[in-house]
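Please follow this explanation alongside the sequence and the coordinates, moving from the overall make-up of the chain to its sheet, its helix packing and its nonpolar cores.

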Amino acid sequence: GKKHLSAVLVVPFPHVGRIIGKRGQRIKKLREDTGTTISIVANNVTLTGEYKRLESAVMKLTGLLQEVSKRNPVSYAFPFENSAQQGGSQGVLANQAALQYHMVQLAPDTMQVLIPSSSAGVVIGRGGSTIQRLKTESGASISLSNYVKGAENRVATISGTAAAMAKAILALAVQIATDGGSLSENNAKEALSIVLLVPPQELGAIIGKKGARITELRNSTGASINVADEGSVTIQGSTAATSEAIRKIAFLLYETRNKPSSTPNSSMMMMMASDLTAAAATTT
């Protein structure tokens with residue numbers, strides 16, 4: 001049969017109820033109209049189905065959420081391939097794959113970067129040799145999401161100290177820019193570009209009050225830094241500028257996440273998750 005894919009929508013908490021609808025009517029109708037499986041855990045809405053159906057369900061949901069609120073942007077992940085052989089555990093795998101893509105909350109020592117699918121080969125290297133070298137040189141762990149047919153990007157998840165993560169992200173930017181070469185002295189002015197994926201609720205730490213922090217970051221590094229609502233932070237500039245911007249942002253996020261106040265009450269999250277799962281389950 002046709003391959004089943006999954007996508008995850010990270011929805012602002014207040015809007016989850018709007019998707020479920022009164023007594024689960026709205027989510028039931030969405031499932032029937034689109035022929036997709038829709039499950040909700042906390043504020044992650046996971047959709048699974050054939051590509052065309054998935055596309056239609058994502059469009060319907062984003063449309064619905066845009067009506068609900070013009071002010072709260074929604075971010076969603078690219079589709080993930082499921083292994084259809086897994087039978088019963090397929091739904092679980094779909095959820096994991098989708099959540100792994102765009103985590104609502106990344107651990108303090110983890111960052112994510114978009115890698116164009118076309119550059120994945122030079123990042124991985126023959127038999128994984130390049131990615132292995134980048135890990136050794138940076139001291140960070142680096143893993144790449146699975147290739148999905150038709151997806152323009154893959155996601156690199158990087159873990160380690162702030163300094164190690166910054167080093168690894170710069171190395172990835174260099175690999176992409178030089179098509180697998182290395183930065184020799186004479187091309188240190190090479191223009192680099194990298195897209196970081198930042199959980200939407202952490203963008204404020206980068207932007208600052210009235211944009212003060214991002215202005216300071218741009219001025220002090222000389223890099224162009226652009227933030228999109230759904231959580232992509234694009235950094236461009238010379239090697240030196242990009243390197244400094246990546247380093248500052250990595251340390252900034254590391255500090256922000258390690259502040260005691262920034263960790264949400266996990267039991268509260270679990271409670272909400274179980275309530276919502278129960279609400280979603282009653283509609284099937």
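Of the 284 residues in this protein, 44% are buried, a value that, like every other one here, is computed from a predicted model. The secondary structure consists of 11 helices and 11 strands. Among the contacts with a separation of 6 or more, 68% are between residues 24 or more positions apart.

One part of the strand inventory forms an open sheet of 6 strands, in the order S7-S8-S6-S9-S11-S10 and with antiparallel pairing. Strand S7 (141-144) and strand S10 (224-227) occupy the edges, and because each has a single partner strand, one side of each is left without a neighbour in the sheet. Direction ignored, neighbouring strands of this sheet are turned against each other by 25 degrees on average. In general, the strands of a sheet pair through backbone hydrogen bonds, in either a parallel or an antiparallel manner. At the S10 edge, the pairing with strand S11 (residues 232-237) is antiparallel and comprises 4 bridges, and asparagine 226 is found opposite threonine 234 in S11.

Turning to the helices, helix H9 (residues 212-221) and helix H10 (residues 239-258) have axes that come within 9 Å and cross at roughly 145 degrees, and the crossing in which H9 passes H10 is right-handed. On the H9 side the contact is made by Arg213, Glu216, Leu217, Ser220 and Thr221, while H10 contributes Ala241, Glu244, Ala245, Lys248, Ile249 and Leu252. Sorted by character, the residues of this contact between H9 and H10 comprise 5 nonpolar, 2 polar and 4 charged.

One participant in that helix contact, Ile249, also leads into the interior. Which residues does isoleucine 249 contact, once its neighbours within four places in sequence are left aside? They are Leu196, Ile206, Leu217, Ile225, Val233 and Ile235. Ile249 belongs to the largest nonpolar core, which has 41 residues, and together with Ile158, Leu196, Val233 and Ile235 it is one of the members that touch the most others. Helix H7 (residues 162-178) supplies the largest share of this core, with 10 residues. A further core of 19 residues lies apart from it, including Ile27, Leu30, Val45 and Val58. As a general background to such groupings, nonpolar side chains in soluble globular proteins tend to be buried together.

Conventions: Residues numbered from 1 in each chain as written. Predicted model: local features only at pLDDT ≥ 70, side-chain atom pairs only at ≥ 80, totals over all residues. Heavy atoms only, no water. Core = buried A, V, L, I, M, F, W, Y, C linked by side-chain atoms within 4.5 Å. Buried < 20%, exposed > 50% of the residue type's maximum accessible area, 1.4 Å probe, protein only. Helix = DSSP H or I, 4+ residues; strand = E, 2+ residues; numbered from the N terminus. Contact = heavy atoms within 4.5 Å. Axes fitted to C-alpha atoms, helices over the stretch in contact; angles between N-to-C directions. Left-handed = near helix turned anticlockwise from the far one by under 90°. Nonpolar A, V, L, I, M, F, W, Y, C, P; charged D, E, K, R; others polar. Pairing = 2+ DSSP bridges.
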